[in-house]
Structures are given as C-alpha cells and as structure tokens.
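Thanks for coming. I will go through one sheet and then a few charged pairs, and I will keep it brief.

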Amino acid sequence: MMRLLLQILRNNSSLKSELNGGTKASALPKLFSRWLHAPTQPPSFGIAFDIDGVLLRGETSTGGSPQALRRLYYHSANSCSIRGGVPESERAKELSKQLGVDILPLQVIQGHTPFRELVKRYEDDLIVAVGKGEPGRVMSEYGFKNVLSIDDYASCFPNIDPLAQYKKWTKMQPTDREMALRTDPCSQRVQAVFIVSDPVDWSRDIQVLCDILRTGGLPGQEIAHQPPLFFANDDIAYQALFPAERLGMGAFRIALESIFNRIHTNNMEYTSYGKPNPFVFKNAENVLLQVLQSAYNNIQSSGEMQPFKRLYMIGDNPSVDINGAKQAGHPWVSILTRTGVFKGIGNHADYPADLVVNSVEEAVDYILRKEHTS
C-alpha cells in the first residue's frame with residue numbers, strides 16, 4: 001500500500017567527530033535532536049520510508065522501526081492504531097503516536113495525496129470516492145466541493161446492489177444519507193471516480209462502478225462515454241499482520257477491469273498513481289525540499305535549496321519500492337528490507353536493490369554510517 005514517510009538529515013563535521021569518537025548509543029537520541037534542529041546548513045540527503053511492511057505490519061511496528069526513527073527524532077509517545085483513507089494531518093498524528101516520533105503532515109505521502117493536483121479540474125463536479133476509511137472526507141479536504149463516498153452514492157439508487165439484503169453489517173448513517181440526497185446524484189453525471197483507498201465491499205463496488213463507467217456517470221441509463229477513473233496505487237499485494245500477503249488496490253483494479261472489459265465494448269481506461277511511477281519519487285523529493293524551505297528559510301536569501309546528494313528509499317516490495325527507485329534514478333538509492341513482502345535470502349532477481357537488510361533499523365544504521373563516518 002502506497003504510503004511514504006519522509007525524513008531529512010544533513011552532513012555535519014562536528015557530528016562526524018562525535019560519532020567517530022565513540023558516542024554511546026544512549027546519547028544518540030539527544031545528539032540527533034540537537035543536530036536536526038541546529039539552524040546551520042541544509043541537509044545533504046533524505047530518507048523515504050515505505051510504511052506498510054517496513055515501519056508497520058497492520059497496526060504493529062516492525063523491524064525495530066520506533067528505535068530506528070528515534071535515531072532521527074527525539075520524542076516519545078504512546079502507540080496508537082492507524083487506518084487507511086484518512087487525511088494526511090490525521091495520518092501524521094496517528095503515526096506520531098504509533099512510532100513514537102513527531103511527524104508533520106507534510107512528511108506523509110499517501111497514495112491519494114496526488115489527487116490534490118486535480119482539484120481545479122473537478123472542483124465543482126460530482127465525483128465518487130471509493131475505499132475504506134473516509135474517502136469522501138479526504139477528497140473534500142483536498143478541495144473537491146461535490147464529492148460522495150461510494151457508500152453514500154450507492155444508497156441513493158434503490159436495488160443497485162442486488163446482494164445488499166444479505167449484508168447485515170452495513171448501516172447507512174442518517175446524516176450521510178441526507179447529505180447524499182441533497183446532491184441529487186440520480187440526475188447528475190458523475191464526472192470522475194477516485195479509488196482513494198482499498199475498497200471494502202468488492203461485489204457492490206464493482207457493480208456500481210461498472211454502472212457508472214458504462215453509462216457515462218448515470219447508472220441505469222444508456223451506454224455512454226466512460227468518465228475518468230483514478231487509482232491511488234496499483235499494488236497487487238501488501239504485507240499486513242497475516243503471515244501471507246494480502247490483496248491490495250491493484251488486485252481490485254484487475255478484478256474491475258476484467259469484468260468491465262467482458263461486459264463493455266471498449267476497454268476500461270484508468271490512471272494509476274503510486275509506486276513504481278517515477279512521479280511518486282519526484283514528488284517525494286519536492287516535498288522534502290518544501291520541508292527544507294520551511295525549516296531553513298533564513299539560511300539562503302535566494303530561497304532555493306541545493307539538490308540532495310542522495311535520497312534513500314527503504315521498502316519491502318521489490319516490484320514497487322525498488323523498481324520505482326531504480327526508475328527514478330539519481331539521486332535515489334534503494335534499500336530492501338525483509339520485514340514485509342520480500343523475505344528472500346539474497347537480493348531480488350528481477351528488481352535487485354542497492355542494499356538488502358533484515359530490518360529498517362539495520363537500514364538506518366547503514367545510512368548513518370555511510371553519511372556521517374569516513
């Protein structure tokens with residue numbers, strides 16, 4: 001699942017001497033806190049952590065991730081669960097508690113974060129947001145003014161889900177229903193569909209999406225041109241708490257596409273964001289530069305930061321994390337952990353990483369040695 005946590009560090013000659021002089025492990029958190037907040041020259045490298053399978057498995061930290069991140073931050077906090085399909089501000093708060101570090105919303109890149117760039121295109125149009133969590137709220141906070149979750153949208157069409165009577169777990173909130181009905185979606189064309197997070201009810205969602213896509217955004221009406229369809233990521237599988245990998249958004253996309261192409265004359269058209277698309281890595285680099293701009297705005301009068309010498313991608317999925325870093329090229333360096341999707345003994349055959357480690361803690365140790373000791 002495409003979520004990234006970004007962290008910036010910098011070279012510092014005094015830090016090198018302290019580390020080379022044998023700084024005790026117990027002193028490292030305070031040392032890095034003092035170092036990170038010193039208003040001197042900007043960092044020369046940054047780190048992008050994949051979250052699922054690297055920092056967390058489900059709601060549980062893995063691979064010594066709290067200890068590793070405390071090498072880069074200095075805060076303590078209690079653990080807390082996190083869920084998908086929530087705004088970046090909420091995600092940052094949850095991660096801060098879960099991992100015991102202070103994380104800013106700007107440091108969190110989720111698969112749906114790039115949807116912000118489409119606000120001007122669909123700001124006032126009726127759009128449908130699909131996925132677990134609160135996909136409608138996510139899109140509304142991005143600035144979309146006429147958005148409905150697929151739960152709300154489907155509830156406005158009686159009998160659109162033929163299996164609804166068997167789904168005793170579903171319950172529509174009255175306030176959501178009132179909000180949905182005020183938009184009168186039955187008479188408006190859906191102008192775009194956004195798969196924000198992993199869908200929960202595949203049978204209903206595939207049925208409703210096929211109705212929307214085949215009819216040009218008016219379910220139950222005649223066949224018309226397909227409205228745009230956007231996926232936040234295309235990961236087929238990800239590592240959660242269960243020992244075997246779980247099916248992700250890419251698997252849902254395959255299921256939807258296979259069915260749509262069998263019942264419609266034209267193949268399904270879609271745009272997929274997320275790794276391994278190099279756009280994700282360029283966006284991560286830009287976000288890191290924004291963080292620098294905010295933290296070091298008094299250092300350079302020009303207001304422009306120098307490019308990073310190195311950016312490290314720490315991931316557990318060779319086909320998306322490592323493949324994406326390779327496609328992005330310089331200054332990206334790929335580090336593959338054995339804490340999630342990848343569990344091999346050696347390197348991955350098809351998408352070999354620059355380095356393979358057992359945990360994120362080992363990855364951070366490597367980066368600190370490489371960047372701060374000769």
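Start in the sheet, at A129: its bridge partner in strand 8 is F194. Keep in mind that this is a predicted model. Strand 6, residues 127-130, and strand 8, residues 192-195, run parallel and are joined by four bridges. Further along that pairing, I127 stands opposite A192 of strand 8.

Now the other neighbour. Strand 7, residues 147-149, also runs parallel to strand 6, with three bridges between them. Here I127 faces V147. To get from strand 6 to strand 7 the chain passes through helix 6, residues 135-142, and this β-α-β crossover is right-handed.

What about the two faces of strand 6, and which residues cover them? In a regular strand, side chains alternate between the two faces of the sheet. On one side of strand 6 sit I127 and A129, on the other V128 and V130, and all of them are buried.

Stepping back, the sheet is open, has five strands in the order 7-6-8-9-12, and pairs in parallel. Strand 7 and strand 12, residues 271-272, are the edges, each pairing on one side only.

Next, the charges. The structure holds 16 salt bridges, and I will take three pairs and a network.

The first pair is E123 with K145, at 3.2 Å from N to O. E123 is in the loop between helix 5 and strand 6, and K145 is in the loop between helix 6 and strand 7, so the contact ties together parts 22 residues apart in sequence. E123 is partly exposed, at 26% relative accessible area, while K145 counts as exposed at 58%.

The second pair is R204 and D151, whose closest N and O atoms are 2.7 Å apart. R204 belongs to helix 9 and D151 to helix 7, and 53 residues separate them. R204 counts as buried, at 12% relative accessibility, whereas D151 is partly exposed at 40%.

The third pair is D321 and K275, at 2.4 Å from N to O. D321 lies in helix 12 and K275 in the loop between strand 12 and helix 11, 46 residues apart. Are these two buried or exposed? D321 has a relative accessible area of 0%, which is buried. K275, at 2%, is buried too.

Last, the network: E90, E134, R137 and E141 are linked by salt bridges. That is where I will stop.

Key:
Residues numbered from 1 in each chain as written. Predicted model: local features only at pLDDT ≥ 70, side-chain atom pairs only at ≥ 80, totals over all residues. Heavy atoms only, no water. Buried < 20%, exposed > 50% of the residue type's maximum accessible area, 1.4 Å probe, protein only. Pairing = 2+ DSSP bridges. Right-handed = clockwise from strand over helix to strand, strands pointing away. Salt bridge = Lys/Arg side-chain N within 4 Å of Asp/Glu carboxyl O.
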